[in-house]
Amino acid sequence: MPVLLVVGAGLFGSQAAAYARQKGIEARVFDAALPNAASPAAAGLFKEAWAGRKLQKHFHRAVAVLDRLYGVRHVDLTHDDGRKESFLFVPPTTILEANPIKQDVTAVGDGWLEAAGQRHEGWVYVAAGVWAARFCPGLDIYGKAGTSFVFTGERVGRIRHIEYGRQAVAFVRDPGFTHFGDGTAERVYTDEHERQTLERAAGLGLTETPARRLHGIRPYTKGGPFFRRIADRTWLATGGRKMGTILGASFAQKLIEEEIH
Ligand SMILES: Cc1cc2nc3c(=O)[nH]c(=O)nc-3n(C[C@H](O)[C@H](O)[C@H](O)COP(=O)(O)OP(=O)(O)OC[C@H]3O[C@@H](n4cnc5c(N)ncnc54)[C@H](O)[C@@H]3O)c2cc1C
């Protein structure tokens with residue numbers, strides 16, 4: 001049986017590899033560790049209302065996949081008025097491929113890729129986030145940047161409304177730390193955006209110097225999330241926008257169950 005060769009160890013590529021392995025298919029993941037990849041910055045939260053009608057099919061497929069591969073958790077965040085809101089949650093740290101092959105993939109063709117001057121053959125899944133256009137000329141893709149901050153210590157989960165469809169959240173994504181994000185997604189990201197994000201964190205009591213800054217660029221494709229067979233044995237998926245956890249899971253299932261034979 002061919003091997004699955006994955007370009008990119010983000011939420012898209014890692015879930016495809018995990019899904020393949022669960023079906024007994026060997027998967028090899030290549031990642032060049034490019035700065036500002038989106039996935040390490042993701043909070044990992046999702047809920048049906050965020051998916052809306054357009055992504056509902058993806059949402060339902062994804063929850064089953066995520067639960068089987070990693071176990072879906074629940075997290076309750078408290079609003080300023082004391083109201084609690086429940087979210088589904090899978091920490092990206094449990095999804096992301098632990099030891100990808102740290103190589104830049106320089107070329108991709110029908111059933112092969114090239115990295116470090118070596119050619120590898122198999123089924124190819126290009127999951128290169130905002131860099132995907134390199135392998136699909138003409139792909140209409142752009143990035144929107146945002147920053148999460150990680151603070152030492154575990155605080156009670158909080159949520160604060162910012163505007164329609166956008167909120168600041170602070171919660172324990174990984175043991176021993178509190179993860180803060182405010183949904184900032186900007187094509188031109190400036191110091192002012194960063195300052196505002198830190199100010200919102202302070203508003204939720206996170207006033208000390210963050211232990212980590214996670215800056216990521218979310219991939220957006222015109223017309224919605226993108227999944228396409230670009231050659232007989234090569235597929236490309238990107239456009240995870242603010243929903244990379246569920247779209248990565250849904251596309252992983254599509255790739256393995258419907259496309260690869
Ligand atoms: C601040 C922030 C918060 C977010 N919060 C959430 C959230 O709560 N829930 C949610 O669902 N989504 C969230 N998202 C969105 C989510 O992170 C993205 O949709 C998702 O990470 C996209 O995944 P990806 O695998 O397509 O891209 P990426 O994570 O960018 O991964 C692409 C990978 O490909 C590698 N690569 C690229 N080119 C090559 C090459 N030629 N050779 C080898 N490797 C290559 C890169 O090094 C990179 O690691 C958030 C994003 C940000 C920035």
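The ligand is surrounded by 37 residues, each with a heavy atom within 4 Å of it. The closest are Asp31, Ser39, Val105, Arg241 and Thr245. The model is predicted: local features need pLDDT of at least 70, side-chain atom pairs count only at pLDDT 80 or more, and totals for chains, interfaces and linings use all residues. Residues are numbered from 1 along each chain as its sequence is written, and side-chain values use heavy atoms, without hydrogens and water.

Polar contacts are pairs of N or O atoms within 3.5 Å. Three involve the ligand:

| Residue | Protein atom | Ligand atom | Distance |
|---|---|---|---|
| Leu11 | backbone N or O | oxygen | 3.2 Å |
| Phe12 | polar backbone atom | oxygen | 3.1 Å |
| Arg134 | side-chain N or O | nitrogen | 3.2 Å |

Taken alone, the ligand exposes 1000 Å² (Shrake-Rupley, 1.4 Å probe), and the protein buries 96% of that. Helix H1 (11–22), strand E14 (212–221) and helix H6 (244–259) each give two or more residues to the shell. Helices here are DSSP runs of at least four residues, strands of at least two. E14 gives the most, three residues.

The second largest pocket has a volume of about 220 Å³. A pocket is an open set of points on a 1 Å grid, probed at 1.4 Å, with protein on both sides within 12 Å along at least five of seven lines; lining residues have an atom within 4 Å of a point. The volume is the space filled by probe spheres set on the points. E14 supplies the largest share of this lining, four residues. Among the lining residues are Arg173, Arg212 and Arg213.

Definitions and conventions: Polar contact = N/O pair within 3.5 Å; in protein donor to acceptor, adjacent residues only side chain to side chain.
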